[in-house]
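Student: Hi! Could you walk me through this one?
Tutor: Happy to, let's have a look.

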Amino acid sequence: MTKTEDMLISKVNTISDALYLSLKESIINLELPPGEKLSEAQIAKLYGVSKAPVRSVLQRLHQEGYVQIKPQSGTVIAPLISYEKARDICQIRLLLEPYAASIAARVITEEQKAPLYEFSKQCKNLKTCTKDRIVELHKIGDEKMHTLIWKLSGNQEIVSILTGYHDEMKRMQITTAKYAARIPASLKEMIEVNDALLANDSERCKEKMHVHIANLLKALETIMEK
């Protein structure tokens, strides 16, 4: 293989990876809603690429369950995560995350508390915050708090299992935000977990994390019933 061919393959891989990440993010964020039909030609035109990488990316998304490729209908965005799978993931989280939170509250150092203090400071005077600011704070807290707790548990299996559910968890969060307007309540729950971590209160941190995830499951149940 020549150096030129090598560079071309590298470029194709880079284009495919960028396209894959962009489409996947749009699906997870519900910017591309379930049931929406995808056109290879339109995607290729939008991203300025040929149909070949588009076809490859759609096959990859199909294998991962994000799109469905139907002989008569073409490619469509897959339905939202089923209630059964959402329930199963939440049950696993209810077993693992409160336990991880209880350990995290015991072992967290002052240095590791720094971003939590900053988050707490940003969450002051929530009543005066705009809707967009509350959404932003929720996103910040979710990204910082959960992953920090997993890491502080010191259990690599917990980290591996929960990281493996990252995309599904994000889709559940966005789904409840969109259809159950849950973000304000969820943010308050996260602040309570955050405060328990800062206070090194192991039992309260465990309890508040359990409430946080249990309420997510309740919101999903309400959505699925509708």
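Student: How do the axes of α2 and α3 cross?
Tutor: The axes of helix α2 (residues 40-47) and helix α3 come within 9 Å and cross at roughly 115 degrees. Axes are lines fitted to C-alpha atoms, for helices over the stretch in contact, with angles from 0 to 180 degrees between N-to-C directions. Helices (H or I, at least four residues) and strands (E, at least two) are DSSP runs, numbered from the N terminus.

Student: Which residues make the contact?
Tutor: Glu 40, Ala 41, Ile 43 and Ala 44 of α2 meet Lys 51, Val 54, Arg 55 and Leu 58 of α3, where contact means heavy atoms within 4.5 Å.

Student: Anything I should know about the model itself?
Tutor: It is predicted, so local features need pLDDT of at least 70, side-chain atom pairs count only at pLDDT 80 or more, and totals for chains, interfaces and linings use all residues. Residues are numbered from 1 along each chain as its sequence is written, and side-chain values use heavy atoms, leaving out hydrogens and water.

Student: New topic: how many disulfides are there?
Tutor: The count comes to 0 disulfides, a disulfide being a pair of cysteine sulfur atoms within 2.5 Å. For Cys 90, the nearest cysteine sulfur, that of Cys 205, is 18 Å away.

Student: Why is Cys 205 not bonded either?
Tutor: Because its sulfur is 15 Å from the closest cysteine sulfur, in Cys 123, too far for a bond.

Student: Is Cys 205 buried or exposed?
Tutor: Cys 205 is buried, with a relative accessible area of 0%; buried means under 20%, exposed over 50%, partly exposed in between (1.4 Å probe, protein chains only).
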